[in-house]
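Me: I've got a chain on screen and want to talk through how its helices pack. Can you walk me through it?

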Amino acid sequence: MNTNIKNTFDWNCKHTWKQSAINTKWCLIGCSFGDMMTIYYFQVNEIPWSMLSIMALAMLNGIISSIILETFILLKQMKLMAALKTAFGMSLISMISMELAMNLTDILITGGAKINLYVIPFMLVAGFLTPWPYNYWRLKKYGMGCCG
């Protein structure tokens, strides 16, 4: 094993951190909309599903709403089929980690499957910070980000 080989990956690129923050923000907007609206719907209508079922559906709806938002944004740059293909090519690792972070935060603060004005900022911060380093790494290494 050669210990003289230097890892050339750069975690200090301000431009890439800024771009990855923008990409992560768009993912967060899309994911949080579907996620929180699902939880809120079940909360308001008092639908007797288990917390785990509600959270799983909320995560799925968050990913779907993120793909829809990305497709809409990309329609300004490309045709529908290309926009859909690009949106489906987004990083599921990033979106799933974002969804898990938001829902675990909700569980820790409210006991789970409850949305209120107090928990939303904490969910958004956790949802942003969790995938951001991964999105930086992905953008830097492969020239692509979470959402675009």
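Reply: Sure, one term to begin with: a nonpolar core is a set of buried Ala, Val, Leu, Ile, Met, Phe, Trp, Tyr and Cys residues joined through side-chain atoms within 4.5 Å. Buried means under 20% relative accessible area, exposed over 50% and partly exposed in between, with a 1.4 Å probe and protein chains only. This is a predicted model, where local features need pLDDT of at least 70 and side-chain atom pairs count only at pLDDT 80 or more, while totals for chains, interfaces and linings use all residues. Residues are numbered from 1 along each chain as its sequence is written, and side-chain values use heavy atoms, leaving out hydrogens and water.

Me: Which helix gives the most to the largest nonpolar core?

Reply: That core has 22 residues, and Ile 39 and Met 123 have the most contacts inside it. Helices H1 (14-44), H2 (51-74), H4 (92-110) and H5 (119-129) each supply at least two of its residues; helices are DSSP runs (H or I, at least four residues), numbered from the N terminus. With seven residues, the top contributor is H1.

Me: How are H1 and H2 oriented to each other?

Reply: Their axes come within 7 Å and cross at roughly 140 degrees. Axes are lines fitted to C-alpha atoms, over the stretch in contact for helices, and angles run from 0 to 180 degrees between N-to-C directions. Under 35 degrees counts as roughly parallel, over 145 as roughly antiparallel, 65 to 115 as roughly perpendicular and the rest as oblique. So H1 and H2 are oblique.

Me: How many nonpolar residues are in the contact of H1 with H2?

Reply: Contact means heavy atoms within 4.5 Å. On the H1 side the residues include Trp 26, Phe 33 and Ile 39, and on the H2 side Ile 54, Met 55 and Ala 58 are among them. Here Ala, Val, Leu, Ile, Met, Phe, Trp, Tyr, Cys and Pro count as nonpolar, Asp, Glu, Lys and Arg as charged, and the others, Gly among them, as polar. Besides seven polar and one charged, the nonpolar count is 14.

Me: What about H2 and H4: how are they oriented to each other?

Reply: Their axes are 10 Å apart, at an angle of about 140 degrees. Met 55 and Ala 58 of H2 are among the residues making the contact, as are Asn 103 and Asp 106 of H4. Given that angle, H2 and H4 are therefore oblique.
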